[in-house]
Amino acid sequence: MSESNNCISLEQAKAPFFVGIDLGGTNTKFGVVDDNGQTIARLSIPTRVSEGPDQAATRIGEAILEVAQAAGLTKDQVKAVGLASAGTMDIPGGRLMVPANLGPLWNYYPIRDRVSAACGLPVIFANDADAAAYGEYWIGPGKEYQSMIMLTLGTGLGCGIIYNDMIISGAHSHGGEYGHTLVDLLPNARVCGCGKAGHLEAYVSATSVIKRMKEAIEAGKSTSVAKLLEQGAQLDAKLVGDEAAKGDQVSLEIVMDVARYLGVGMINLMHTIDPECILIGGAMTFGKNETELGRAFKEKVRQTINEGAYKVLAENTVIEYAELGGDAGYIGAAGIARAAVE
Ligand SMILES: [Zn+2]
C-alpha cells in the first residue's frame with residue numbers, strides 16, 4: 001500500500017535524505033524524510049510476524065530501496081536509515097529483547113544489523129515510542145519546547161522522554177517504559193499486558209478500555225455497547241469512544257477513568273522530569289480537540305493534574321494532543337538517524 005497525501009516533491013525537499021521505519025506488530029511503515037522532516041514518499045507493508053524476523057528483515061531491506069526509488073533517490077542518496085521498533089530492546093546492541101507485540105520468534109534478534117545487511121545502508125535503532133515522541137518534537141507541537149514527553153495511547157501505553165534534544169532511553173534502553181510504572185498496590189489491581197499487576201498501562205490503554213467494558217457488561221450494567229455487540233459489532237476502544245460520545249454513561253465513565261489515570265501518570269512524570277510540555281498521542285485519542293469527547297478527555301486529565309500536582313507544575317506544564325498521527329513513528333525514526341549521523 002502506497003500513500004501520497006502530505007508528501008512534498010523531491011524538488012521541494014532539502015538534502016540529506018533519510019528513511020524512517022516504524023516496525024509494528026501488524027504493519028511496518030516506511031517514509032523518505034528530508035532534512036526538514038518533510039515526507040517525500042511513503043510505503044507500508046504487512047510485518048507478518050509469524051514468518052519470523054529473518055524473512056521480515058529481508059523484506060524490510062527491499063522496502064527501504066523501494067521507497068527510496070519511489071522518492072526519486074538512488075540508494076547512495078539515502079544518508080542513513082532509522083529503524084524504530086516496539087520494545088523491549090537493547091538500543092546500543094541493536095537487538096530486540098522480548099518484544100511482546102512481535103512474539104517469541106523475535107526475542108533477542110539482532111534486527112539493526114540484519115536490516116542494514118539487507119539494504120546496504122547504515123541503520124540507527126530506536127524505540128518506537130521514543131521515535132514517535134521525537135517526530136512530534138522535531139516538526140510537531142513539540143518543536144516549541146526544549147523538553148517534552150509524549151504518552152502514546154494504543155494497545156499499550158508508550159512513552160518518549162526528550163530533554164534538551166536528547167532522548168532519555170536509560171542505561172538499559174528501558175528509560176521510556178513508563179507504562180510499567182506502578183500506580184496501584186491493592187490486591188485487586190488490574191493486570192498489565194506484561195503480566196504484572198498495578199501498572200499504569202493496565203489503566204491507560206485500549207486493552208484496558210476493552211477489559212473494563214467486558215466487566216461492565218458481565219456485571220449487568222446497561223450500556224448501548226452490549227446491544228451493538230449482540231448485533232455483531234466488534235468490541236474495541238473506538239466503539240466505546242463512539243458510544244461515550246453519543247451519551248452512553250458506562251462508556252463515558254470508562255473513558256473518563258482512563259483520563260484520570262493518565263493524569264496521575266502525568267503528575268508522576270512532572271514531579272520526576274518537569275518537562276515544558278506533555279503530548280497525548282496514539283490511536284486512542286477520542287477525536288482530540290476536534291470533538292466534545294476529546295476536549296472533555298483532556299479537561300479531565302487537566303483537572304486531575306490540578307488536584308494532584310504542585311501548583312507551579314500544574315500551572316505551567318502544557319498538555320496537548322500530538323499532531324502527526326500514524327506518521328510520527330517513521331518521521332521520528334528518520335530524525336533520530338539524522339541526529340545520529342550529523
Ligand atoms: Zn506492565
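Select residues 27–33 and 39–46, which are strand 2 and strand 3 (strands being DSSP runs of E of at least two residues, and helices DSSP runs of H or I of at least four, each numbered from the N terminus), and you will find that they pair in the antiparallel sense over 7 bridges, where pairing requires that DSSP finds at least two bridges between two strands. This is a predicted model, in which local features need pLDDT of at least 70 and side-chain atom pairs count only at pLDDT 80 or more, while totals for chains, interfaces and linings use all residues. Residues are numbered from 1 along each chain as its sequence is written.

Staying with this pair, pick Lys 29, whose bridge partner in strand 3 is Ser 44, and then Gly 37, which takes a positive phi near 85 degrees in the hairpin of strand 2 and strand 3, with 5 residues between the strands.

Next add strand 1, residues 17–23, which pairs with strand 2 in the antiparallel sense over 6 bridges and forms a hairpin with strand 2 that has 3 residues between the strands. Here Asp 22 has Lys 29 of strand 2 as its bridge partner. Strand 2 is largely enclosed by the rest of the structure, because 6 of its 7 residues are buried, a residue being buried if 20 or more other C-beta atoms, placed from the backbone, lie within 10 Å of its own.

Now select helix 1 (residues 53–70) and helix 2 (residues 111–119), which pack at an angle of about 45 degrees with their axes 8 Å apart; the axes are lines fitted to C-alpha atoms over the stretch in contact, and angles run from 0 to 180 degrees between N-to-C directions. The two helices are therefore oblique to each other, a term for angles that are not under 35, over 145 or from 65 to 115 degrees. To see where they meet, show Pro 53, Ala 57 and Ile 64, which are among the helix 1 residues in contact, and Ile 111 and Val 115, which are among those of helix 2 (contact means C-beta atoms, placed from the backbone, within 7 Å).

Move on to helix 3, residues 128–139, where 12 of 12 residues are buried, including Tyr 134, Tyr 137 and Trp 138.

Finally, display the open sheet of 5 strands, which has the order 10-9-8-11-12 and mixed pairing. Its edge strands, each pairing on one side only, are strand 10 (166–167) and strand 12 (318–321). Within this sheet, strand 8 (residues 147–153) and strand 11 (residues 277–281) run parallel and are joined by 5 bridges, and Thr 152 has Gly 281 of strand 11 as its bridge partner.

Terms used. Contact = placed C-beta atoms within 7 Å.
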